[in-house]
Amino acid sequence: MQETWRWFGPADKIGLAEIRQTGARGIVNALHEIPYGEVWTVEAIAERQALIEADPSLGLSWEVVESLPVHERIKLGEGDLEPLFETYRQSLRNLAARGFDTVCYNFMPLLDWTRTELAAPLAGGGTSLRFNMHEYATFDVFMLERPGAAGELSPEILERAKAWFDVSDSAGRARLLAAIMAGLPGAYARYDVPGLRDILKRYDGVTRDDVRANFKRFLEAVIPTAEAAGIRLCVHPDDPPRPLFGLPRIVSNAEDIAFALDAVRSPSNGLTLCSGSLGANPLNDVPGIARRFADRIHFAHLRNVAKDPDGSFEEADHLAGGTDMVALVRVLMAEERRRRAEGRADWQIPMRPDHGHELLSDVGRGTHPGYPVIGRMRGLAELRGVMAAVEALDGSAI
């Protein structure tokens, strides 16, 4: 697999030279500074490419776009969407003109990945990202005060949430809000509690079937352009794979993925296989999902989570947690061999180590939550070892 590394652009506290030291050569990047619904111009794309490739000695290149965001009105199916569809199509054309062929995106309403702790302590002093069900419930029921939220929770979780809220102070509640908002990408504004409450009202009465229909409409509008341009769009699963704050989530399991890929049958309508997002649901067999949809996987995020019975989970070591990472890597590499045997030039699946622990000198450095350098480098090294072993054991080095 092609080793890549997510970089958040010039504002990222991790420099390109540091990425070179990890061994990764492909950069995963996006123009986060461009607001949703505006065209990514050829000039802006070329400028970022030039920045990444400015030092030839590093040997880095921008390989995958993550993400080209979908405007919220498209997810809502709100108003005249054709101008937004055309903006997205034009951005795809411009990316293709600069040589891109893999574009990751998601269709998560309003919020991206969501955690309640950004620095859960680990043995020895490191930290990890964590999603605690009782803290999520605290925010939803007692801070956001969403109607009906309490009825969606078990009595045990609700009791723990009330206990947390009763002993919390304004600083603790602010930290919880900041953690929940941290998953929003790039430079976009975060919401305060009243702001989030107001924007959630836009989804009043919007059902899961409505969001699915809006997703299908989006795919029908943009996939033909992607196919003509030679771009593979790959949807990222929901993180976590469950409804949040009353918002429907529609890419959470194998059935959801089948719906998405069947909505428009095209090689340009594919999947970002995120083992951590899918793995947070104990019902998801992640290697099995990868096997079922192998020919439509265009990009892979490899990480692992350790799950608790109440629905909480924590980012685990890349080779620990609930997903059999060796089995998953074998599925992906078998698919690469199949593609290579077909004579495809694009047989490699770009892979990046996702969400590492904050370790050693990264502790307190202030890198983007979940994206420190050392924890991800450890994960990449472990995954590289798995790939080397799979090559040897399966008898076909690629």
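**Exercise 1. Is Glu 66 buried or exposed?**

Solution. Take the relative accessibility of Glu 66: it is 4%. Buried means under 20%. Glu 66 therefore counts as buried. Keep in mind that this is a predicted model.

**Exercise 2. Which side chain meets Glu 66 in a salt bridge, and which strands does the pair tie together?**

Solution. Start with the partner. The side chain of Arg 6 meets that of Glu 66, at 3.5 Å from N to O. The cut-off for a salt bridge is 4 Å. Next, place both residues. Arg 6 lies in strand E1 (residues 2-6) and Glu 66 in strand E3 (residues 61-66), so the salt bridge ties together parts that are 60 residues apart in sequence. Last, check Arg 6. Its relative accessibility is 8%, so Arg 6 counts as buried.

**Exercise 3. Which residues are linked with Arg 6 and Glu 66 in a network of salt bridges?**

Solution. The network also holds Arg 115, Asp 239, Arg 303, Glu 315, Arg 352 and Asp 354. Look at one pair. Asp 354 and Arg 352 form a salt bridge, with their closest N and O atoms 2.8 Å apart. Both of these residues are buried.

**Exercise 4. Which strands stand at the edges of the open sheet, and where does Glu 315 fit in?**

Solution. Write down the order: E5-E6-E11-E10, with antiparallel pairing. Now find the ends. E5 (117-121) and E10 (304-307) each have a single partner strand, so one side of each is left without a neighbour in the sheet. From one strand to the next, the twist averages 40°. Then turn to E10. Four bridges join E10 to E11 (residues 313-316). Glu 315 in E11 stands opposite Val 305. Glu 315 also belongs to the network of Exercise 3.

Conventions
Residues numbered from 1 in each chain as written. Predicted model: local features only at pLDDT ≥ 70, side-chain atom pairs only at ≥ 80, totals over all residues. Heavy atoms only, no water. Pairing = 2+ DSSP bridges. Helix = DSSP H or I, 4+ residues; strand = E, 2+ residues; numbered from the N terminus. Axes fitted to C-alpha atoms, helices over the stretch in contact; angles between N-to-C directions. Buried < 20%, exposed > 50% of the residue type's maximum accessible area, 1.4 Å probe, protein only.
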